[in-house]
Amino acid sequence: MLTALRQSDAVKVLARESERIDKPFQCPTCNREVTLRKGQIKVHHFAHKPPVTCIRGRGESEQHLQAKLAIFDALRLESNVKELEIERDFGISVADIFARISGTPVAIEIQRSVLSASEINARTENYHRLGISVLWIGLQAQDLSTSKYSPSAWEKWCHATYYGRVYYWERNQILKVVHFDPYHIEVPYSTWYEDGSEQSAGGYIKTSKRWRSPRLGVPVLISKSFRPVNRQNWTGGTVVVPQCNVYLDQQEKWWT
Ligand SMILES: [Zn+2]
């Protein structure tokens with residue numbers, strides 16, 4: 001977590017702007033004392049003392065903290081971004097970033113691997129109830145320039161929710177946007193002869209269950225490229241999408 005309450009004046013402060021002399025610091029969710037971690041290499045942050053039972057900050061990797069801080073810093077510079085807040089508490093969850101962008105309230109959630117599908121759906125539904133659009137952003141773990149990519153359950157969920165688009169943090173407030181095409185495998189028909197030799201005679205094309213072909217769109221800016229869209233609930237295979245407000249980029253489909 002990048003923020004905590006400074007106990008002396010109950011102000012929410014960024015770890016980056018805090019010093020150890022300002023302690024004690026307190027977690028706004030569980031009210032327990034948290035430790036300021038300032039290092040040379042890592043992103044400055046606050047950490048619970050073990051045993052950690054609180055959900056705030058759970059499963060945040062170094063890359064997660066970096067992305068959150070970089071998006072926050074970039075959005076601060078934009079004149080159409082108001083009410084910007086990092087780590088805003090919405091009861092059942094803490095949004096990584098909240099802002100009103102050109103009048104639209106938007107919760108930005110950066111992927112963390114500890115979140116289950118049901119938690120992701122619960123957060124998304126909660127934002128819908130509050131009239132807030134949600135933008136889920138992935139952290140790239142695999143090379144997207146390949147033609148053969150195995151999306152995680154989370155990426156499949158985003159792809160279904162965002163009408164065939166998945167967003168990945170690149171830098172500042174710039175996101176990559178990817179569509180996954182089906183990946184086809186050619187399965188040859190084979191004939192075996194009595195001497196054990198094999199001959200291929202044509203074949204057929206089947207769609208891989210595991211693999212997809214990523215197709216990159218034009219990179220997008222959080223403060224400029226998006227609009228809110230009401231998404232109806234939908235179920236397909238193992239993917240369940242609740243009714244929600246998605247924050248969707250406006251570029252035309254770049255796939256067929
Ligand atoms: Zn806590």
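Reading the backbone and domains of a predicted model

User: In which strand is glutamate 83 found?

Analyst: Glutamate 83 is found in strand β6, residues 81-89, where strands (E, at least two residues) and helices (H or I, at least four) are DSSP runs numbered from the N terminus. This is a predicted model, in which local features need pLDDT of at least 70 and side-chain atom pairs count only at pLDDT 80 or more, whereas totals for chains, interfaces and linings use all residues. Residues are numbered from 1 along each chain as its sequence is written.

User: What phi does glutamate 83 have, and is glutamate 83 buried or exposed?

Analyst: As a general idea, most residues other than glycine have a negative phi, and most peptide bonds are trans. Glutamate 83 has a positive phi of about 55° although it is not a glycine. Burial is read from the number of other C-beta atoms, placed from the backbone, within 10 Å of a residue's own: 20 or more means buried, 12 or fewer exposed, and anything in between partly exposed. Glutamate 83 counts as exposed because it has 11 C-beta neighbours inside 10 Å.

User: Where is serine 102 found, and what is its phi?

Analyst: Serine 102 is found in the loop between β7 (94-101) and β8 (104-110), and its phi is positive, about 50°, although it is not a glycine. With 14 other C-beta atoms within 10 Å, serine 102 is partly exposed.

User: Which residues does a cis peptide bond join?

Analyst: One cis peptide bond joins lysine 23 and proline 24, with omega about 10°, and proline 24 has its place in the loop between β2 (11-14) and β3 (25-26). A cis peptide bond also joins proline 50 and proline 51, with omega about -5°, and proline 51 lies in the loop between β5 (45-48) and α1 (62-75).

User: How many helices and strands are there in the protein chain, and what does the domain assignment give?

Analyst: The protein chain has three helices and 17 strands. Domain bounds come from an automatic or database domain assignment, which here gives domain 1 (1-58) and domain 2 (59-256). The contact between them takes eleven residues from domain 1 and twelve residues from domain 2, two residues being in contact if their C-beta atoms, placed from the backbone, lie within 7 Å. The C-alpha centres of domain 1 and domain 2 lie 30 Å apart.

User: What does the C-alpha trace of the protein chain span along its principal axes?

Analyst: Along those axes, the trace spans about 85 × 40 × 30 Å, and buried residues make up 30% of the 256 residues in the protein chain.
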